[in-house]
Amino acid sequence: MVRRPSQDRIAVALSVGLLASLLNLNIHAQSYPAQYVATVWQTEQGLPQNSVHAIVQDQEGYLWLGTWGGLARFDGVRFKVFGSADIPGLGSGRILALYRSRSGALWIGTRDGSVTRWENGVAVTYGERDGLPGRLVNSIREDREGTVWINASGGVARFTGAGLERYAAHHGRAVSQFYLQAQDGSMWFRSGDEIVRFGADGSMAALRGGFLVHEARDGSVWVALQDPRRLVRYYQGEFRDVLLPPIRRRQWAGQYREQGVLAMATDTDGELLLLTADGLIRVVGGSLSPPETLAPAGNADDLPKVLSLMVDREGNRWVGTLATGLFRFRPAPLSAFGKDEGLSDSLFQTVFQDSEGRVWLGGDSLYWFDGRQFHLFPGLVDVRAIAQTRNGDLWFGGSGGLYRWRSGELSRFRIDAPAVNAIHEDRDGAIWVVAPSYERPGGLYRFRNEKFEHIAADVHRIAEDKDGGLWLASRQGLERMHGGKTVLYKQPLFPVPDLYPDSTGTFWIANYGEGLVRFRDGNFKSITTRNGLPNETPVALLDDGKGSLWVSSDRNIFRHSLKELNDFADGKASSISPVSYGIAEGMRSSECDAGSPGVWKTKDGRIWFPTIRGVVAIDPDAGSRQPPTVVLEEAWANNIMLGRGGRSSAPAGNNTFDFHFTATSLSAADKQRFKYRLEPFDKEWVDAGARRTAHYTNMVPGEYTFHVIAANSFGIWSEKGAVMRFVLQPHYYQTNLFYAFCTIAFFGLLWAAYQYRLRQLQRAFNMRLEERVGERTRIARELHDTLLQSFQGSLYRFQAARNLFSRRPEEAIKTLESAITSAEDALAEGRDAIRNLRVAEGERRLEDLLTSAGQELRATPDGNAQPAIFQVTVEGQPRPMSPLLQDEVYRIAREVLRNAFQHAAARRIEAAVQYDPDLFRLRIRDDGKGIDPKVLEEGARPGHWGLPGIRERAKQIGVRLQVWSESGAGTEIELTVPASAAYAGSAHQRRFGLFRIKKQAL
């Protein structure tokens, strides 16, 4: 926002007659001459060489440029130079002629004796040996039948489909250059120093001189001569001279000294364009339009020399020059008015159109527009506000106070404030004036009875809603006055250059320095640069009635879709995408200042903005409405090129993707925006902004589809864009078959582990069950061998004693005592069996247990006169044994010792315990009567279970048991156990600790 110190009050010194005469001038239909925005590219910007001899546009929208530095392709931002590595067979890099045929082939003519036809990636080059007439290819053209003609330094050749064919004469007349085939079928050639028309009916017409020939939309053929004023038109069988307009200001030069028309081209609407030294002339209906200014950079002493002219499909004018580069003249979407249209080169703040169609422009001075020129309204300066009441009065406000123009009379009203910033008439006809002040009362005034009354202070802007309520913007927020009631909506707002209700009743607030604010339903929502706003210094707002909100600022002008703004404010969108206007669009200054109104839509639909250097009128419908053509230039998977002549699949492991794309909208390519999406990786579009690349890493194998779309500088998005599908092949271990195999193997291992564990539990259960059954069997054996047999003998003795009482009492008493002794022995044996079940032996060492057992058995009477001597020996370092194993070994040893003490009739019994690192060994031997070999062979004595019980127990715990015995030579029994199973805490037990602990817990 421009801020200036207050100026002295101005005085009105104009007569009513003078003002009336000024305003009575005729108002013309508003005229907006074509204006262009010039841009130049030279080698510093990537152009391979500064002389551009030929320009064509291909079907994708690329611009192809022929220079002596090579063939260049241009997308509006980047140049890519093509050489023989890109186009095999391209004979030379010095390009003089380019042509794109209707079939899509690009023809390339050089100055070194070659012409190349490049189509679908296949290039064929023709030289003098192939029919090219000369080394210098001047131009390439095509007739209406699709035949391509090559004009070379030595004559003409045409392409027959199989190759080149020299064409020396037409209808018997020698020809040296082909120009065109007209709509009427006539063929135009150069023959000697004449331009010759060969009619389809066999007629012939010639014109001496001439070097440029082009057909207009109406079928007439125009010939440019080497004459600064002369142009010839052939139409309806006649050559007629057409005079070129005199040169007002020379801007361009030609290759020849006396050259009026420098180049010819066809416009987007089919009309003929002539580039002259004075600018661009359109040929419409046989008439020449006034020259349109095409002002290149440079000075009058060094004018660019024109080599080529081309109009692209967006209407941009491209001019190739000799040594000064490539020029683009983009049709401006606006008209800028300044000194040439009668304005002073000063600040303007407000613009307004009155009921009679005059456009008023206020600022340092006051001007009005008659449709062609601006006129100064004398006597008023520093005008910041303009309004017209329903009765036709015009009101002007500024630092000099308030003025009313009524019926040819200008009246001045004084207000106790530095300046008037806004004037508003409400629906009841009351006039409200905003004149803020920080030193005087200032604020809001109402006009009544030809006087102003002060209503409120600290008011910066005023607006009216559709219900007639007045809204006031102040430092505290927004205040609504209606029906004698006032409601304040608090929100820090300062300063507020503009307050605007759109067509839906939503208020938009230009909060200078803080961005744009929406007020709806009592809620404020700020929109700033973080959300996509171009800047945070808006000064004026306008709803154009077509769904857009226009905003001027102190940096540029921009417009937003109201739907997009509301979607963002409602949380339905994350950002906004404005369309901006500035120097690149033709503004002479992009800085705007605050006024009331600071923007105005005139009756012809244009939107006017005052700037600090004149005023601009923007056509909202100007600019390209066509979506840009999106081209996916390259796609790579690591170093593998995909698509566009490459592969549609990438080998396994190439999981880094790179995409290079562009859009061939050449008007303002630097303002294009892109979005892309790689399916199925991306769920939403990725906003790339102006970036033209996409990069992905660590991608998994699968099928992919890459989409890219673009928007031009006016926000028009391409619907289709560019699409490429490809496949990243998997490694064998990334295939579904491999995953299925792994899944099956995994569940197979789980099943095997489950089965193993189940069998383990079953074995453990069976062992416990076998232990219990074995224990019962042992008890049964011991009871059978000891207690039952003893009781059976006792019964026999008791029976014998009973039978002897009557006959031999003394003998009966002895027999009875023997029976009692036998019963006591049976009770002792029973106690021994119970002790074997209940005594926990695991807390003592095996050698100690064996010693105790031997002492107990030695003290038990067995009928021998002298009990056997018992000895326990220990070899090696004693080690703790597994408790369960020690218990089982002890029971086996005790049974062996009991049999030795009671049945072997031995004099000496020994037990040897040996602790070896790799083996545990227990030997028990006696010097008794031994075991009958038959019993050893059969495994047991009939009716006895001692020896079978020992073998069964040894087998159950997995130990090795050996028995040696001979009659009369004693008996030796050896028991061995591997250290890994015998000793507690061995490595084997630790390795399978999980299973062993669970097994012991059963």
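**Salt bridges and nonpolar cores**

Student: Is E356 buried or exposed?

Tutor: Take the relative accessible area of E356, 53%. Buried means under 20% relative accessible area, exposed over 50%, and partly exposed lies in between (1.4 Å probe, protein chains only). By that cut-off, E356 is therefore exposed.

Student: Which numbering and confidence limits apply here?

Tutor: Residues count from 1 along each chain as its sequence is written, and side-chain values use heavy atoms, without hydrogens or water. The model is predicted: local features need pLDDT of at least 70, totals for chains, interfaces and linings use all residues, and side-chain atom pairs count only at pLDDT 80 or more.

Student: Which residue forms a salt bridge with E356?

Tutor: A salt bridge puts a side-chain nitrogen of Lys or Arg within 4 Å of a carboxyl oxygen of Asp or Glu. Here the closest N and O atoms are 2.4 Å apart. The partner is buried, with a relative accessible area of 8%. It is R358.

Student: How many salt bridges does a search of the whole structure find?

Tutor: One of the pairs is D112 with R111, at 4.0 Å, N to O. D112 is partly exposed at 24%, and R111 is partly exposed at 26%. A network of salt bridges also links R73, D75, R78, E633 and R692. The search of the whole structure finds 54.

Student: How many residues apart in sequence are the parts tied together by R925 and E910?

Tutor: The side chains of R925 and E910 meet in a salt bridge at 3.3 Å, N to O. R925 lies in strand β70 (919-926) and E910 in strand β69 (908-915). Helices (H or I, at least four residues) and strands (E, at least two) are DSSP runs, numbered from the N terminus. The separation is 15 residues.

Student: Which element gives the most residues to the largest nonpolar core?

Tutor: A nonpolar core is a set of buried Ala, Val, Leu, Ile, Met, Phe, Trp, Tyr and Cys residues joined through side-chain atoms within 4.5 Å. The largest has 37 residues; L850, L897, I909, F920, L922 and L975 touch the most other members. Elements giving two or more residues include α5 (846-859), β69, β70 and β72 (970-978). With nine residues, the top contributor is α6.

Student: How many residues are in the second, separate core?

Tutor: In soluble globular proteins, nonpolar side chains tend to be buried together. The members of this second core include L516, V551, I576 and C592. Its residue count is 33.
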